[in-house]
Amino acid sequence: MLPLKEKDKPIIQKLLSAGCCARCILRFCCVSVQAAYRKPPEVRLILCRQLQGKKDCEYLSSYLGNVYPPNKRAKLETSITDAQSEEGAAAVVKLKDGDSRVCVVCLGILQELCGTTQAVKAVKAGNYEFDTLVLSVSLPAQLCVREHSCWLHVKKEVREKGLVLNKDDVIQVKEAFKWIMQGMVAKELGGTAVVTKVSPFEVSVEFTHSETDADCHFLAATCPDCFKPTKNKQVRKQTEHYPCPPKQPTSSCSPQEVQCLRVSVFVAGRYNKFCRSLPQTPWVIDGERRMESSVEELIAAPILSAFRADGFNFSSSGREDVDVRTLGNGRPFAMELLNPHKSRFSKEQMKQLQETINQSSDKIKVRDLQIVTREAMSRMKEGEEEKTKSYTALVWTQKPIQREDISFIDDIKDLTLDQKTPLRVLHRRALAVRQRAIHSMSTRFLDSHHFYLRLKTQAGTYIKEFVHGDFGRTNPNLCQLLKTNTDILELDVESVDVDWPPPVPE
């Protein structure tokens, strides 16, 4: 039995007179029992019991006879015992075929449940592999206007009887639609769980109703500053008021588009780069492709194939130049896989995928490959500016040096640099002076013109520019410290100190 009470009777009668369907009546009666919306014959029966007398019941049947599209010439006879009537007499209601009134509020969405078949067909046609799915529903804007109008219509009635109907308590059309659709779609897809919150697979159903598109036009006249007509769009004659209750439509809403949208799957890990002629991303200069491949492509190819994804977005915690190696524990990276048709991967399968990547090229190596959440991605981005990185540079000096000439560098701590945007990246980065810190340095003497410089710096520090000075655009720089021209011959990233993603046990 539904939790309908005597106080709901005026609401039911008012909504019936307005032309609402059974499910919309339940919504305005604030019925949150999901099962009630899935059984229209029982809904009609209970609503009839809620009313007094045969006249009310016949009135009800004329508006609720097509909650589901009836079979041709079908007749449903339901015996209803009115236990609340004084005489206790039985009232027989004949719900006859032939009434095709469309609900004035939901525009038939909750009557005909259109979109179910299309959604199931779209899922099956895409050959997706998934454990759960989430339904996403897009409704015409005029439903908001119609619902508010009907609420005002009912509110006046209940207020006269000393009752209260809070609009926030009214069940939304979208929610009621999902409650009904979830079980139907799950059944058609062989028991797949249809969830309400998070799932890697989304089925989107978009509804339109051209007959009532003009319902919202009155808003432009009522509040022209808030609602401005779209340019180059013909607008019908505007009125300053909207009918309460809304007018009866002659046709139902139809699903204009049903899309299967695999919500992006995120894969993360760390990569090492062992080649000094490999860019991180495809290198295109003046429309011409340079270099045969890139770190991004070498990692992405096996992953796209395994997940059967349509595309990807690659990001990492910083980036190295084409001639710079990334050693140590590697650089954190993440890939957003677009519309992957497969997302079920065990830890063992991810290890096999990692091995496939590593065997495909000797230029890179991947570790800690795993599936992560969208929220976890922010941890990698936080590290770009806040964490530290360690480098080893091979430095050349113009003036001959001795071991003791560079030993003082080992004692320098927390050196603050003012770095103007380097000339080599000025074409893609805004001109600015950025302060960066070198936390510590150490040296290893090689010969009179060469030594190794190891640095631990704030993320975002331009190491090459610190070594050669970039024509004085970085201050202080190594040229100033050693009082001779210096240049960098090789550079390696030794560590990126971001504790993400978590290590995967071997």
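## Backbone at D414 and K483

D414 is found in strand β14, which covers residues 413-420, and in this predicted model the residue has a positive phi of about 50° although it is not a glycine. The side of the question that concerns solvent is settled by its relative accessible area of 53%, which makes D414 exposed, given that the cut-off for that class is over 50%.

K483 also carries a positive phi without being a glycine, here of about 55°, but its setting is a loop, the one between α15 and β18. With a relative accessible area of 70%, K483 is exposed.

## Cis peptide bonds

Two peptide bonds that lead into prolines deserve a check of their omega values, beginning with the bond from N475 to P476, which is cis with omega near -10°. P476 lies in the loop between β17, residues 474-475, and α15, residues 478-482, and α15 is also the helix on one side of the loop that holds K483.

A cis peptide bond also joins W500 and P501, with omega at about -5°. P501 has its place in the segment after β18, the strand formed by residues 486-496.

## The chain as a whole

The protein chain has 15 helices and 18 strands, and buried residues make up 47% of its 506 residues. Among the contacts with a separation of 6 or more, 79% are accounted for by residues 24 or more positions apart. The accessible surface of the chain comes to about 26000 Å², and carbon and sulfur atoms hold 49% of that area.

## Helix α1 and the glycine after it

How much of helix α1 is covered? The helix, residues 9-18, is mostly covered, with seven of its 10 residues buried. These buried residues are K9, P10, I11, I12, L15, L16 and A18, a list in which a lysine, K9, appears beside residues such as I11, I12, L15 and L16. An α-helix has 3.6 residues a turn, so residues three or four places apart point the same way. In the list for α1, I11 and L15 can be read with that spacing in mind, as can I12 and L16.

After α1 comes G19, and the phi of this glycine is positive, near 100°.

## Packing of α6 with α8

Helix α6, residues 116-125, packs with helix α8, residues 173-188, at an angle of about 40°, and the two axes are 10 Å apart. The helices α6 and α8 are therefore oblique to each other, and α6 passes α8 in a right-handed crossing. On the α6 side the contact is made by T116, V120 and K124, which meet M181, M184, V185 and E188 in α8. By class, this contact of α6 with α8 has four nonpolar, one polar and two charged residues.

## Packing of α10 with α11

For the pair formed by helix α10, residues 295-307, and helix α11, residues 347-360, the axes come within 9 Å and cross at roughly 140°. That angle makes α10 oblique to α11, since only angles over 145 degrees count as roughly antiparallel. The crossing in which α10 passes α11 is right-handed.

The residues of α10 that take part are L298, I299, P302, I303, A306 and F307, while α11 contributes M350, L353, T356, I357 and S360. Divided by class, the residues of the contact of α10 with α11 are nine nonpolar, two polar and no charged.

## Two partly exposed positions, G328 and L152

G328 lies in strand β11, residues 325-338, and is partly exposed, with a relative accessible area of 46%. When residues up to four places away in sequence are not counted, G328 touches N272, R367 and E494. The C-alpha atoms of G328 and S390 are separated by 9.6 Å, although the two residues are 62 residues apart along the chain.

L152 belongs to helix α7, residues 142-160. Is this leucine buried or partly exposed? L152 is partly exposed, with a relative accessible area of 38%. Along the chain L152 and K167 are 15 residues apart, and their C-alpha atoms are separated by 9.3 Å.

How values were computed:
Residues are numbered from 1 along each chain as its sequence is written. This is a predicted model: local features need pLDDT of at least 70, side-chain atom pairs count only at pLDDT 80 or more; totals for chains, interfaces and linings use all residues. Side-chain values use heavy atoms; hydrogens and water are left out. Helices (H or I, at least four residues) and strands (E, at least two) are DSSP runs, numbered from the N terminus. Buried means under 20% relative accessible area, exposed over 50%, partly exposed in between (1.4 Å probe, protein chains only). Contact means heavy atoms within 4.5 Å. Accessible areas come from the Shrake-Rupley method with a 1.4 Å probe; for residues, only the protein chains shown count as cover. Axes are lines fitted to C-alpha atoms, for helices over the stretch in contact, and angles run from 0 to 180 degrees between N-to-C directions. Angles under 35 degrees count as roughly parallel, over 145 as roughly antiparallel, 65 to 115 as roughly perpendicular and the rest as oblique. A crossing is left-handed if the near helix is turned anticlockwise from the far one by less than a right angle, and right-handed if clockwise. Ala, Val, Leu, Ile, Met, Phe, Trp, Tyr, Cys and Pro count as nonpolar, Asp, Glu, Lys and Arg as charged, and the others, Gly among them, as polar.
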